[in-house]
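Me: I am new to this one and would like a short tour. Could we begin with the side chains and then move outwards?

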Amino acid sequence: MRIEGENGAPVSPGSSAASNSSADEMIENENQSLRDRVADLEKKVHEQTDEIMCLRSTLADVLRRISTIEGARALANNHAGGRATPTKDTVRLRHNNSDSARDVSKRASSYLPGRSPSSTQIRAKEAQYNGEEGIVKMYLRGRPINLYVPTPMRETYVPNGPSSSPPAKLKLEWVYGYRGRDCRNNVYQLPTGEIVYFVAAVVVLYNVEDQMQRHYLGHTDDIKCLAVHPNKLLIATGQTAGHDRRDARPHIRVWDSVSLNTLHVIGISDIERSVACLAFSKADGGSLLVAVDEAPDHNMSVWDWSRGERGYKLLETKCSADQVLAVDFSPVDRSTIITCGKNHISFWNYESGMLAKRMGVFENRERPKYVTSISFTDTGNVISGDSNGNLLIWQRGGNTVYKMVRGAHDGPVFSILVQKDGGIITGGKDGRIVEWDRDLERTGNVIEIPEQYGSPRVVTSGRGSQLVVGTTRNCVLGGTFTFPLRPVMQGHTEELWALAPHPGHHQFLTAGYDRTCYLWDTMAHTIVWSKDIGEHAQSAAFSNNGEIVIIGTTSGRWFVMDSETREMYSQHQDGNEPIQVLKFSPNGQYLAVGSRDNNIYIYQVSEDCRKYTRVGRCQGHSSFVTHLDWSADSQFLQTNSGDYELLFWNAGLCRQIAQTSQMRDVEWATQSCTLTFATLGIWPEGTDGTDINTCAKANQMDLLATGDDFGKIKLFASPACQQRARCLEYGGHSSHVTAVGFLQDDSRMISTGGRDTAVMQWVVSSNSSSSHR
């Protein structure tokens, strides 16, 4: 065949091929040049994004510091020390006609649709006062309780008369504890340098370098999960169901980590039981939020979270019949969502308002009982860890295994962290943190976490090469592969009951069912010492000089221990039931031991509080002893029991005082009994006699604090002898508040939550708005 050129001259096939090849090379060169330019532009965009992130974090840090300074000044004006903690919308002044629904219903473990608070409310009888005899009769669940009015008040006392506002208020200063025992992916380091995590109903933002905490207090019950927006400033947290009130239904809150202002409240009518896990989208800048409910069908919902105050639900679908442990968006494919949990890993594609699901295919590999963790590489591949200790890589866009590393850990892989350079760090139940290169080859760097701190539940990046680790024993650790991990925060791991403020120092002791006693320093916010006593602890008390601490256990045994050296001097046994309460007499000569076997045991104290000789046993209660107080002259006791009794005793003789009217003018050294004339006003209308667990009077102020079954702390003016006395109410705990106590100078109050395991430290400052109602 003849081929001609433009001038008609013949052109050989060889020259035509060369011309085509040259054109192809030019096109390829242009394409390569375009690719290089696009790559350069992408690099510049990423650099500018990093610069913007840096500017945002710097601005956030500046705003936080300004807020801190302003808060410190405001606190100084109230003549009380401590760091500022925003507490907007967390304090409520309750008047006589306030809504009692939040106090009526016994604490529920979950929200019951269709059940109104009023359906469980039993309207209480009004207290009746007999002026001739000086007796006021109050009712708890219809049961009458006679209380004797002090002589100076007999002529003027009116049960429903006006009451004063409490003379002081509280501000949350520090929270000890972290929830790692049953939650995942809940520790992050923000660009401001703060570590964000949660415990009970509080999200803690902790700046370790500045030794300062801030607290987000918008939640009303247990927080179960946390997600940080790609801009590193916004945070989403999800909670479980609580009381039968709208604001305590399970929901998600999106809030600003700088101002601590709530921006959106999502899913109040959509989430049935609890928010198990949630995540922001990444590839589109975080416009979407995915959440998984802990209800039986484990429904997964996708939200346009920024549309309106309540967000907008784009879709909802059944995720899995089995437990779901984690959910996450792909960082490169905006429509890809991964979920994992018991017996599954699922790959979801979100398009046109629909979710398409593909189950992960393990082919001939062993199928794990649980897929326990997921993460993404920078190329979009999925890395999963499972209960067999294996790591698997799933090819981007597919649902089959691309690569497998057997035995990465001895047991479940709890956490997978992909670093900016592509390196990978994993944490497992075996207590090891292992470093891998981007091809999942071991680098040789391994951290062995000491057993006392538990296993790494979550591993996240800190500043520089620092790692921040949350553990299964409720610890937050910080360190590197070069420098050993050290505790940043520690806490109890099981139900917490015992609290004893030190009589001479800014310290307090806590102990619980985890068999561990901690002595805390309120100024340094650190643990002075800890000790494993080998038994579940129920109660504690310091001797009057602070040199000895007594620990009561659930087995009826109590220990005598040196408060500095932790040396055990002796142990004693009183019955086989829990030791509910321990208290030294004001003169230090006696120790009263209240037991769940209905008895109070009296001991004579000698040899610098190291020797205890039983004097006798006070018998007369028909139910277990709950609280007791010594009289100021160390002669008498007043005690409460589980069936709402108030009894009085001659302590030296161990005899009940039958003529209780004789005790109306006795001065009491403490006020821990919840059923007395001085505490008549702490009981809300329709309450159960067990709803208020703890009560304490300040040492120098006429101030009374209580803790109840609904996670609330309330402050009253003391004595609170008018029905439904005026009070200030504070949230933060998500379980029954088991103990409250003031430090010796009343500068701070400590509270402990039962199953939430949290210990909270509150600054006490004067209340300038205190007045009569």
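Reply: Certainly. In this predicted model, the charged end of Arg-457 sits over the ring of Phe-414, at 4.5 Å from the ring's centre.

Me: And which ring does Arg-596 lie over?
Reply: Arg-596 lies over the face of Phe-624, 3.9 Å from the ring centre.

Me: Now rings with rings. How many aromatic pairs does the structure hold?
Reply: The structure holds 18 aromatic pairs. One of them joins Tyr-730 and Trp-762 in an edge-to-face arrangement, with 5.8 Å from centre to centre and 65° between the planes.

Me: Why does that pair tie together parts that are apart in sequence?
Reply: Tyr-730 belongs to strand 53 (residues 727–730) and Trp-762 to strand 56 (residues 759–766), so their pairing links parts that are 32 residues apart in sequence.

Me: Is Tyr-730 buried or exposed? And what about Trp-762, buried or exposed?
Reply: Tyr-730 has a relative accessible area of 3%; because buried means under 20%, Tyr-730 counts as buried. Trp-762 is buried as well, at 2% relative accessibility.

Me: Which residues form an aromatic cluster?
Reply: Tyr-176, Phe-508, Tyr-518 and Trp-520 form one aromatic cluster.

Me: Let us turn to the interior. How many residues has the largest nonpolar core?
Reply: That core has 46 residues. Those with the most contacts inside it include Leu-170, Tyr-197, Phe-742 and Trp-762.

Me: Which strand gives the most to this core?
Reply: Strand 5 (residues 168–176) does, contributing six residues.

Me: Where is there another core?
Reply: Another core, of 28 residues, lies apart from the largest one. Among its residues are Phe-648, Phe-677, Ile-692 and Leu-704.

Me: Back to the largest core for a moment. What does Met-760 touch?
Reply: Leaving aside residues up to four places away in sequence, Met-760 touches several residues, including Leu-172, Trp-174, Val-175, Val-202, His-733 and Met-749. Met-749 and Met-760 are both among the residues with the most contacts inside the largest core.

Me: Now the whole chain. How many helices and strands are there?
Reply: The protein chain has two helices and 56 strands.

Me: How much of the chain is buried?
Reply: Of the 773 residues in the protein chain, 57% are buried. The accessible surface comes to about 32,300 Å², and carbon and sulfur atoms account for 46% of that surface.

Me: What share of the contacts joins residues 24 or more positions apart?
Reply: Such residues account for 50% of the chain's contacts with a separation of 6 or more.

How values were computed:
Residues are numbered from 1 along each chain as its sequence is written. This is a predicted model: local features need pLDDT of at least 70, side-chain atom pairs count only at pLDDT 80 or more; totals for chains, interfaces and linings use all residues. Side-chain values use heavy atoms; hydrogens and water are left out. Rings of Phe, Tyr and Trp (its six-membered ring) pair if their centres lie within 6.5 Å; planes under 30 degrees apart count as stacked, over 60 as edge-to-face and the rest as tilted. Helices (H or I, at least four residues) and strands (E, at least two) are DSSP runs, numbered from the N terminus. Buried means under 20% relative accessible area, exposed over 50%, partly exposed in between (1.4 Å probe, protein chains only). A charge sits over a ring if NZ of Lys or CZ of Arg is within 6 Å of the ring centre and within 35 degrees of the ring normal. Contact means heavy atoms within 4.5 Å. Accessible areas come from the Shrake-Rupley method with a 1.4 Å probe; for residues, only the protein chains shown count as cover. A nonpolar core is a set of buried Ala, Val, Leu, Ile, Met, Phe, Trp, Tyr and Cys residues joined through side-chain atoms within 4.5 Å.
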